[in-house]
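Grab a pencil and work through the exercises below. Each one comes with a solution you can follow step by step.

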Amino acid sequence: MAESTRNASFQWRILPPILALLLSLPIVSGSFFKPFNVSYDHRALIIAGKRRMLVSAGVHYPRATPEMWPDLIAKSREGGADVVQTYVFWSGHEPVKGQYNFEGRYDLVKFVKLVGSSGLYLHLRIGPYVCAEWNFGGFPVWLRDVPGIEFRTDNEPFKKEMQKFVTKIVDLMREAEMFCWQGGPVIMLQIENEYGDVEKSYGQKGKDYVKWAASMALGLGAGVPWVMCKQTDAPENIIDACNGYYCDGFKPNSKTKPVLWTEDWDGWYTKWGGSLPHRPAEDLAFAVARFYQRGGSFQNYYMYFGGTNFGRTSGGPFYITSYDYDAPLDEYGLRSEPKWGHLKDLHAAIKLCEPALIAADAPQYKKLGSNQEAHIYHGAGETGGKVCAAFLANIDEHKSADVKFNGQSYTLPPWSVSILPDCRHVAYNTAKVGAQTSVKTVKPARFPLGSMSILQKVVRQDDASYISKSWMALKEPIGIWGENNFTTEGLLEHLNVTKDQSDYLWHKTRISVSEDDISFWKKNGANPTLSVDSMRDVLRVFVNKQLSGSIVGHWVKAVQPVRFEQGNNDLLLLTQTVGLQNYGAFLEKDGAGFRGKAKLTGFKNGDVDLSKSSWTYQVGLKGEAEKVYTVEENEKAEWSTLETEASPSIFMWYKTYFNTPDGTDPVVLDLGSMGKGQAWVNGHHIGRYWSIIAQKDGCDKTCDYRGAYTSDKCTTNCGKPTQTRYHVPRSWLKPDSNLLVLFEETGGNPFKISVKTVTSGVLCGQVSESHYPPLRKWSTPGFMNGTMSINSVAPEMHLRCEEGHVISSIEFASYGTPRGSCDKFSTGKCHASKSLSIVSEACQGRNSCFIEVSNTAFQSDPCRGTLKTLAVMARCSPSQDTSYLSFSTA
Ligand code: GAL
């Protein structure tokens, strides 16, 4: 590295005085690493004196349970991540002003320690505004009530609270010795989040706020670099970083800063009523390779694991409970293949290039064709020898290209990058997926046999399909249910009343109807209409406790015909939130419920202005107040047995007990038979549910990875309920008698609820002779120095079931010219007759296996001169289950 660039780097050794003093004291350092400093130059972060190319895995700790964390971190590491990145969720840590929570899913220090103990670094994005599809963008809702507050601008009350919380987190990390200079994993922090998107709305005060936030953060003496993402005016000593689907070509606002990609959107979030996003692995790998090709040095997958919005943490409006995100690790922490494996290979290829990538201050550029280009990194390696790595890109969306580079010919598939860790041999191409595909299977749960009679054992599969035959029900009152109500004139803003303690707010008023009105409506053949200027997210209208109708929308006009009787009528309006706004300027003013005026039209004597009426308010449900969903309190309520033939009814609580499924596979509840509501297991709020159907159109039949990705490309699940399966973390279950409680708003059939388990039941692989040799071979001695030829190494197919599972059968195997894709393979003209027995021999009964794709491995050449492919479809079963053996083909 040139001396001049070292000098240009921001030196974190110039520490604030307090920190310097602290450091001079004999402190016991964190035990994960030998204490090291982090600085940066224009090329990269400098970790312990060395530039690094880093891959980061976004994992949000409260979207999983502490019991899941070790596995998620281990899988991030195995997938090739060097860093774990998370936001800090203020609303979870300070649910009540001044009362902090760092327990359970919010045990941040525990999470950071687990990251450190696995040898990974941590990027902590404190925000404290985080967006993240999290309720209110991570702000605690009490923040709205701080007198004079305006969020995210030059406003004293806001700055005071923000500083208090950010300080709290930095101190927490320091006290737990989690910073790298203390031997902990924290190498980098973040202040604010994409403020650049909204800054203009705040005028000069926005600009001042950026400066304040930066200097406040730096003033905390954390001793590691801070980033601001999407902040083109980030001050000199804060790194501005890129977020997006592609960040190659991003230029920070100063030549002294490295190119960091804080959010690589590898999928997208989902709304109730929306289809499911899917970002193809080839395009994602292309985006990442292009980033490092064009000078990037740190890239974070947003998300590597998305997880679940448990409880009411989901943001909005209308974000679903699952935060799967189409991430490399799925909602339950299972590998999503081929994405996980294809990226693992990519990371291995980038790692091989790291010596050259850090040796060069900038790449050398070579145009290879109209849409083809090379970037070459070379220089002196650490041990003095020459190092060279090259990236060859074909950005043509349709055609593959033959290019010449350093006198050699290369074929580049469309929209792809080839990575050459030695500037000569291709180790990896982003469009050639060698990794297995896994098909998730969702099966009715199997329960331990021990406690069952013989008859039960025989019928257990049927029994298992539904969670229970015995359900209890409890009616939730329609309207005002308790004494803690109040009456006032006019329509109040929803959040001002609920403080977000519940989704629900009842409003009741009395409407008196004269004989004249009734005859007026009869004569005109028309009913009166409730009309509200603007509302969000759900409004349910009742007259005399009968539901007139429901309106769903985000600041939409609500028009609902209503029927009154002569005399006094109760008009009941229930406003509901489905995740508070998490994005945009002026969040504190956003509110929920009603805006503008509300009136009844069509009365004989003119409209009734409801905005001036006297309204009685009640926050939440009676069942919520009585905590009927908890193990401790539920029995105090007056539940009655639910008859199997009971017709679906609105506003009902249901409860039952269920046993925990056998094995270790993730557990889900299939709530597809229900309408809309919330669910709790053993008192743990597993989230909102809603069987709302996704739009019929918009899902492409085929998904073409080529060309720029947008969130509406390659979506699936059109015309089906957006979400029917809800994750119940195993750690929330005991072996039997788990209490399930549901609150159902619209009517559903609890008898059809089932408990299921999810696993990768089917694996497919398709690797041809033209695939590249396994990346691990590159580290065998002699490979890099050229004494061994890379061309002599055959590609391999790797298959692997989930932990605790083995390959129980090979359903298809053909080495030759097989046709079709996963699940629909068939043999082609050319087929090695021993394909099935060779693959079965290598794989059956094992958790993982690999097979060389070569004539040698298949003991013959089934068609000389033809490019051969190995295609395999395999099934996985739990390893303790040996019933498959009787069907084995081996
Ligand atoms: C970004 C934001 C993230 C997340 C993402 C979409 O703009 O910084 O927090 O909301 O969009 O998933």
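**Exercise 1.** Describe the second largest pocket of this predicted model: what is its volume, and which residues are closest to its centre?

*Solution.* Step 1: start with the volume, which comes to about 1,000 Å³ for the second largest pocket. Step 2: go to the lining, where you'll find 35 residues, and the closest to the centre are Pro 95, Arg 312, Asp 500, Gln 501 and Ser 502. Step 3: see which helices and strands join in; α4 (90-93), α14 (622-625) and β32 (676-681) each give at least two residues to that lining. Step 4: sort the lining by class, and you get 15 nonpolar, 13 polar and 7 charged residues.

**Exercise 2.** Find the side chains whose N or O atoms make polar contacts with an oxygen atom of the ligand, then work out how much of the ligand's accessible area the protein covers.

*Solution.* Step 1: take 3.5 Å as the cut-off for a polar contact between N or O atoms. Step 2: check the distances from a ligand oxygen to a side-chain N or O atom: 2.6 Å for Glu 133, 2.8 Å for Glu 263 and 2.9 Å for Asn 193. Step 3: turn to the cover; on its own the ligand has 310 Å² of accessible area, and the protein covers 95% of that.

**Exercise 3.** Say how many residues surround the ligand and sort them by class.

*Solution.* Step 1: count the shell, which holds 14 residues, with Tyr 87, Ala 132, Glu 133, Glu 194 and Tyr 325 the closest. Step 2: split the shell by class into 10 nonpolar, 1 polar and 3 charged residues.

Conventions: Residues are numbered from 1 along each chain as its sequence is written. This is a predicted model: local features need pLDDT of at least 70, side-chain atom pairs count only at pLDDT 80 or more; totals for chains, interfaces and linings use all residues. Side-chain values use heavy atoms; hydrogens and water are left out. On a 1 Å grid over the protein atoms alone, a cavity is a set of points where a 1.4 Å probe fits but cannot get out, and a pocket is an open set with protein on both sides within 12 Å along at least five of seven lines; lining residues have an atom within 4 Å of a point. Grid points are joined across faces, edges and corners, and a volume is the space filled by probe spheres set on the points. Helices (H or I, at least four residues) and strands (E, at least two) are DSSP runs, numbered from the N terminus. Ala, Val, Leu, Ile, Met, Phe, Trp, Tyr, Cys and Pro count as nonpolar, Asp, Glu, Lys and Arg as charged, and the others, Gly among them, as polar. A residue is near a molecule or strand if one of its heavy atoms lies within 4 Å of it. A polar contact is a pair of N or O atoms within 3.5 Å; within protein, one must be able to donate a hydrogen and the other to accept it, and residues adjacent in sequence count only if both atoms are side-chain atoms. Accessible areas come from the Shrake-Rupley method with a 1.4 Å probe; for residues, only the protein chains shown count as cover.
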